[in-house]
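This report covers the overall fold of one chain and the packing of one pair of its elements. The sequence and structure come next.

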Amino acid sequence: MQKELCEYLQVNKSTLSQWLNDVNEPPMACIVKIAVFLGVSTDYLFGLEN
């Protein structure tokens with residue numbers, strides 16, 4: 001799924017890896033796209049809802 005997410009976000013694997021390992025944070029526009037890709041809300045991604 002990471003490969004598909006990278007393609008959807010148009011980022012390389014190292015960028016996604018940095019986000020996942022808390023080295024860098026994705027821009028807000030990417031956070032919204034990640035939520036859409038996963039079918040969840042941004043609040044869910046931030047741990048504000050179950």
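In this predicted model, 22% of the 50 residues of the chain count as buried. The exposed surface of the chain comes to about 3,900 Å², and carbon and sulfur atoms supply 51% of that area.

The chain holds four helices and zero strands. Along the sequence, the pattern reads α-α-α-α. The radius of gyration is 11 Å, close to the 10 Å that the globule rule gives for 50 residues, so the chain is as compact as a globular protein of that length. Along the principal axes, the C-alpha atoms fill a box of roughly 30 × 20 × 20 Å. Among contacts in the chain with a separation of 6 or more, 26% are between residues 24 or more positions apart.

One helix pair can be described in detail. Helix H1 spans residues 2–9 and helix H2 spans residues 13–20. Their axes come within 9 Å and cross at roughly 105°. Because angles of 65 to 115 degrees count as roughly perpendicular, H1 is roughly perpendicular to H2. The residues that make this contact are listed by helix below.

| Helix | Residue range | Residues in the contact |
|---|---|---|
| H1 | residues 2–9 | Gln2, Leu5, Cys6 and Leu9 |
| H2 | residues 13–20 | Lys13, Leu16, Trp19 and Leu20 |

By class, the contact of H1 with H2 has six nonpolar residues, one polar residue and one charged residue. The nonpolar residues include Leu5 and Cys6 of H1 and Trp19 of H2. Gln2 of H1 counts as polar and Lys13 of H2 as charged.

Key:
Residues numbered from 1 in each chain as written. Predicted model: local features only at pLDDT ≥ 70, side-chain atom pairs only at ≥ 80, totals over all residues. Heavy atoms only, no water. Axes fitted to C-alpha atoms, helices over the stretch in contact; angles between N-to-C directions. Helix = DSSP H or I, 4+ residues; strand = E, 2+ residues; numbered from the N terminus. Parallel < 35°, antiparallel > 145°, perpendicular 65-115°, else oblique. Contact = heavy atoms within 4.5 Å. Rg over C-alpha atoms; globule rule 2.2 N^0.38 Å. Buried < 20%, exposed > 50% of the residue type's maximum accessible area, 1.4 Å probe, protein only. Areas by Shrake-Rupley, 256 points an atom, 1.4 Å probe, with all protein chains shown as cover.
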